[in-house]
Every structure is written in structure tokens, then in C-alpha cells.
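Here are a few exercises to work through with the model open in your viewer. Try each task before reading its solution.

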Amino acid sequence: MAATKNIVLLPGDHVGTEIVDEAVKVLKAISEAKPEIQFNFETHLIGGASIDATGEPLSDKALEASKKADAVLLGAVGGPKWGTGAVRPEQGLLKIRKELNLLSKVQISSLLEN
């Protein structure tokens with residue numbers, strides 16, 4: 001039985017677009033290796049890219065699509081272009097975290113010993 005998952009892609013800004021592009025390649029390779037596993041992708045804007053296109057860091061359309069999806073693949077948001085305005089890229093990130101009840105993040109860290 002085939003399993004199709006709907007994934008919203010939110011590439012964001014700068015390196016985020018490259019990260020999401022590469023992740024999609026991996027997911028497509030999985031589908032090729034395992035035809036019973038399929039993915040539908042729907043791309044929306046977040047962060048600075050969304051500010052430039054719509055004037056807001058996360059549109060209602062992108063948020064609603066994210067709520068309906070099986071998964072959201074988020075790149076990275078922000079950059080110096082949008083660093084000082086009243087509307088900032090990270091507001092989109094905060095909004096989607098709040099609306100999807102995802103109030104944590106994974107961050108790489110290391111411990112330095114004396």
C-alpha cells in the first residue's frame with residue numbers, strides 16, 4: 001500500500017533555500033528507492049522572501065497550508081537586508097512555531113572543558 005505524505009516547503013532566505021533543495025532531493029531519492037513511499041510538495045514563502053513578496057513574514061495562506069500538511073520542511077530565515085525594519089523575518093518563524101505549537105528548537109552546541 002502506497003503512503004503519500006504532503007510536505008510544505010518553507011525555504012526561507014539565503015542558505016535556507018539550498019538546504020531545502022537538498023532535502024527534497026533526499027526525499028525524492030527515497031521515493032525512487034521505495035515507490036510505496038511518495039511525497040507531495042507545496043512551496044510557500046517565509047521570512048525575508050515573504051516580506052519582499054507580500055509585506056508580511058508569513059502569509060495566512062502559508063500558515064494554513066502548514067497546518068494541513070503532514071510535515072513542514074523549513075530552511076532558514078533572516079539576513080541583513082531585513083535587519084532593522086518593524087517587520088522582520090524572524091516574526092514569521094515565531095508565528096509558525098506558536099500556531100503549530102512547536103516552541104522548541106534543536107541547536108548544535110559543544111562543551112568546552114578547562
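A residue counts as buried when its relative accessible area is under 20%, and as exposed when that area is over 50%. Keep in mind that the model is a predicted one.

**Exercise 1. Get your bearings by tracing the order of helices and strands along the chain.**

Solution.
- Begin by counting elements: there are four helices and three strands.
- Next, follow them along the sequence, which gives the pattern β-α-β-α-α-β-α.
- Then look at how the chain meets itself: of the contacts with a separation of 6 or more, 73% join residues 24 or more positions apart.
- Finish with the surface. Of the 114 residues, 29% are buried, and the chain exposes about 7,800 Å², with carbon and sulfur atoms supplying 55% of that area.

**Exercise 2. Find glycine 16 and decide: is it buried or exposed?**

Solution.
- Locate the residue first: glycine 16 lies in helix 1, which covers residues 15-33.
- Now apply the cut-off. The relative accessible area of glycine 16 is 0%, and anything under 20% counts as buried, so glycine 16 is buried.
- Then ask what surrounds it. Setting aside neighbours within four places in sequence, glycine 16 touches Pro11, Gly75 and Ala76.
- Lastly, take the distance to one of these partners: the C-alpha atoms of glycine 16 and alanine 76 are 4.2 Å apart, although 60 residues separate the two along the chain.

**Exercise 3. Work out which residues of helix 3 are buried and how they are arranged around its axis.**

Solution.
- Helix 3 spans residues 60-68, and its buried residues are Ala62, Leu63, Ala65 and Ser66.
- Look down the axis: these buried residues fall within an arc of 165°, so they line one face of helix 3.
- A reminder helps with the spacing: an α-helix has 3.6 residues a turn, so residues three or four places apart point the same way.
- Turn to the other side of helix 3, where Asp60, Lys61 and Lys68 are exposed.
- Finally, list the packing partners of the buried residues: strand 1 (3-12), strand 2 (37-43), strand 3 (71-76) and helix 4 (89-99).

**Exercise 4. Describe how helix 3 and helix 4 cross.**

Solution.
- Start with geometry: the two axes come within 11 Å and cross at roughly 35°, and the crossing is right-handed.
- Name the residues in contact: Asp60, Leu63, Ser66 and Lys67 from helix 3 meet Lys95, Ile96 and Glu99 from helix 4.
- Sort them by class, and you get two nonpolar, one polar and four charged residues.

Notes:
Residues numbered from 1 in each chain as written. Predicted model: local features only at pLDDT ≥ 70, side-chain atom pairs only at ≥ 80, totals over all residues. Heavy atoms only, no water. Buried < 20%, exposed > 50% of the residue type's maximum accessible area, 1.4 Å probe, protein only. Helix = DSSP H or I, 4+ residues; strand = E, 2+ residues; numbered from the N terminus. Arc of directions from axis to C-beta. Contact = heavy atoms within 4.5 Å. Areas by Shrake-Rupley, 256 points an atom, 1.4 Å probe, with all protein chains shown as cover. Axes fitted to C-alpha atoms, helices over the stretch in contact; angles between N-to-C directions. Left-handed = near helix turned anticlockwise from the far one by under 90°. Nonpolar A, V, L, I, M, F, W, Y, C, P; charged D, E, K, R; others polar.
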